[in-house]
Amino acid sequence: MTRVALIAHDDEKPEMIDLAQSYEDTLSAFDLVGTGTTSKRIMAETDLTVERKESGPMGGDTQIGAEVAEGRMDGIVFLRDPLTAQPHEPDISALLRICDVHDVPLATTRTSAEYVLEGLARDEVDD
């Protein structure tokens with residue numbers, strides 16, 4: 001089953017909820033994982049089940065990065081707030097880097113997220 005991580009910075013959480021609601025049918029076919037508050041909010045506002053990791057600042061980004069390194073992640077949607085400094089920026093940079101190293105699709109905007117989700121859904125059907 002396709003495994004996808006959902007992560008969103010605080011200012012981007014409403015956009016992530018809207019994305020999850022718009023793509024709920026697509027996402028329901030995936031094995032979902034996400035960071036703490038983002039996962040909690042998605043589950044509260046949709047019928048999706050999301051495996052909750054720690055919040056980003058408490059190591060959730062790193063936990064997801066470990067799954068990428070282990071070959072257990074097929075794609076990541078990480079709606080980042082590029083205008084706000086994050087206290088755990090080194091963890092974020094490491095996650096972005098590990099996705100590049102392991103050639104795991106990573107979307108950081110709504111538009112790129114839609115392309116990644118649609119592509120992963122197409123791959124799921126083709127398998």
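**A tour around helix α5**

Start with the whole chain: for 127 residues, a compact globule would have a radius of gyration near 14 Å, and the protein agrees at 13 Å (taken over C-alpha atoms; the rule is 2.2 Å times the number of residues to the power 0.38). This is a predicted model, where local features need pLDDT of at least 70 and side-chain atom pairs 80 or more, while totals for chains, interfaces and linings use all residues. Residues are numbered from 1 along each chain as its sequence is written, and side-chain values use heavy atoms, leaving out hydrogens and water.

Switch to cartoon view, and you will find 6 helices and 5 strands, in the order β-α-α-β-α-β-α-β-α-β-α from the N terminus. These are DSSP runs numbered from the N terminus: helices are H or I with at least four residues, strands E with at least two.

Now select residues 89-101, helix α5. Its 13 residues should span 18 Å at 1.5 Å a residue, and its end C-alpha atoms are indeed 18 Å apart (the expected span is 1.5 Å times one less than the number of residues).

Next, show the side chains of Ile-92, Leu-95, Leu-96 and Cys-99, which are buried (under 20% relative accessible area, with exposed over 50% and partly exposed in between; 1.4 Å probe, protein chains only). Looking down the axis of α5, its buried residues fall within an arc of 95 degrees, so they line one face (the arc of directions from the helix axis to the C-beta atoms).

What do they pack against? Colour β1 (3-8), α4 (60-69), β4 (75-79) and β5 (106-107) to see the partners of the buried residues of α5. Then turn to the other side of α5, where Pro-90, Arg-97, Asp-100 and Val-101 are exposed.

Last stop: Asp-103 follows α5, with a positive phi near 55 degrees.

Methods: Contact means heavy atoms within 4.5 Å.
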